[in-house]
Amino acid sequence: MLDIQKIRADFPILSQTVNGKPLVYFDNGATSQKPQVVIDAEVKYYQEINANIHRGVHTLSQLATDAYEVSRGKVKEHINAKFAHEVLFTSGTTHGINLVTNGFASILKPDDEVIVSSLEHHSNIVPWQMLCEKTGAVLKVIPINENGELIIEAFDALLSEKTKVVTVNHISNALGIINPIKYIIDKAHSFGAAVLIDGAQAVPHLKPDVQELDCDFYAFSGHKMCGPTGTGILYGKEEWLNKLPPYQGGGEMIKEVTFEKTTYADLPHKFEAGTPNIAGGIVLGTAIDYLNNIGFDNIQEYEHELLEYATKRLSEIEGLRIYGTGKNKASVISFNIDGIHPYDVGSIIDKLGIAVRTGHHCAQPIMNFFCIPGTIRASFSFYNTKEEIDQMVDSVKKAQIMLS
Ligand code: C6P
């Protein structure tokens, strides 16, 4: 059992008021709030060990390098990667996905096929479209049903010997649907395709085991899991990271540079050109420690309770429709109210202290499927409470009355 009030005290931002009302923060899908230990770790880095890494013999540089590599090791353990050099620091999920699509530009040939899903965030659509334009490869799309679930038979039918890459998100940001990624990975592998999983919305809720999943790449952002913005991880299997060319050229990613030829550094440095977000990388390790101390089993159980409670309470509102009604869901609810634009509801409840996201959530194909301009999305974290859900429901009811 989690002591939610004790957990809430770890997050200074949660005790403030917004528009004169206590903040109810339900925009965790966009970014999570940060506990004091994470904020302190960021300050401590700049106060005590700030220096560039992998470059200096001086003491501070070694301290910063050690802390950065310790953090890489923590991520390795957390996601159960086989080697620490399979863990690349990035600026976020978007960066990780672009690193991979850039690499596949030298691998794909015209008429090769890339499969994405209808549930993807634009970050996991646009880079693949750009790759297809560059290489002549063809983009294929797994459709969804009315519950917002992937139609798996359609995925099976899309696979062929032409399929070179399959990519889906672990959890949909717009609907909260958890995808059957183990099935997708195994099936794609049986056709020899590589698989990238966009784990941006999964890592705040669960602990992925990349070896058990057997995915080739797994990308996620630190800021959605209590870490700093501008941090992220791309996990890649060693064999794939050796195969892909570097993403960016620059300092620290080389073995030797001459004007005739440059050779590249070993993994992971081949993919980490330039001075990284050192503080962020170190503090991401602190955030992972924090979450593991709470325990992902506890987080999942409690967030599921919040999801069920919110689904029940919101369903009391006449004319309210929930999108993403599939069975396997994370603590995200997307909804609309008949005849009212989501933006209007979002703006009114903001005045009542409730922070939700409204709009297409960078997932326009999903909105097109449901023929809507967007939704109101409430995404819950382990520091949220049922009382906050009650406040949101009351506020949505008020907005409905005002706007009808
Ligand atoms: N989704 C949301 O409100 P970055 O911006 O690189 O940290 O993450 C991009 C991204 C990729 N995939 C998925 C499934 C995501 O949800 C996101 C970010 C936020 O839903 C901001 S648009």
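**Exercise 1. Starting from the pair in which Glu113 stands opposite Thr163 in β7, place strand β5 among its neighbours and state whether its residues are buried or exposed.**

*Solution.* The model used here is predicted: local features need pLDDT of at least 70, side-chain atom pairs count only at pLDDT 80 or more, and totals for chains, interfaces and linings use all residues. Residues are numbered from 1 along each chain as its sequence is written, and side-chain values use heavy atoms, with hydrogens and water left out.

Step 1. Glu113 faces Thr163 across the pairing of β5 with strand β7 (residues 163-169), which is parallel and has three bridges; two strands are taken to pair if DSSP finds at least two bridges between them. Strands here are DSSP runs of E with at least two residues, helices are runs of H or I with at least four residues, and both are numbered from the N terminus.

Step 2. β5 also pairs in the parallel sense with strand β6 (residues 138-142), over five bridges, and within this pair Ile115 stands opposite Lys140.

Step 3. In a regular strand the side chains alternate between the two faces of the sheet. In β5, one side carries Glu113, Ile115 and Ser117 and the other Val114 and Val116, and all of these are buried, where buried means under 20% relative accessible area, exposed over 50%, and partly exposed in between (1.4 Å probe, protein chains only). Because five of the five residues of β5 (residues 113-117) are buried, the strand is largely enclosed by the rest of the structure.

**Exercise 2. Which strands stand at the edges of the sheet that contains β5, and which helix lies across β5?**

*Solution.* Step 1. Seven strands form an open sheet of mixed pairing, in the order β4-β10-β9-β8-β7-β5-β6. The edges are held by β4 (87-90) and β6, each with a single partner strand, so one side of each has no neighbour in the sheet. From one strand to the next the twist averages 20°, with axes being lines fitted to C-alpha atoms (for helices over the stretch in contact) and angles running from 0 to 180 degrees between N-to-C directions.

Step 2. Helix α5 (residues 126-135) lies across β5, β6, β7 and β8 (194-198), and runs at about 150° to β6; contact means heavy atoms within 4.5 Å.

Step 3. Met130 is found in helix α5, and it counts as partly exposed because its relative accessibility is 47%. The C-alpha atoms of Met130 and Ala105, which are 25 residues apart along the chain, are separated by 9.5 Å.

**Exercise 3. In what order do the strands of the four-stranded sheet follow one another?**

*Solution.* Step 1. The order is β13-β14-β17-β16, in an open sheet with antiparallel pairing. Its edge strands are β13 (320-323) and β16 (357-359), each pairing on one side only, and the twist averages 30° from one strand to the next.

Step 2. Strand β14 (residues 332-337) is joined to strand β17 (residues 375-379) by four bridges, and here Ile333 stands opposite Ala378.

**Exercise 4. How many helices and strands does the protein have, and what share of its residues is buried?**

*Solution.* Step 1. The protein has 14 helices and 17 strands.

Step 2. Of its 404 residues, 55% are buried. Among contacts with a separation of 6 or more, 71% are between residues 24 or more positions apart.
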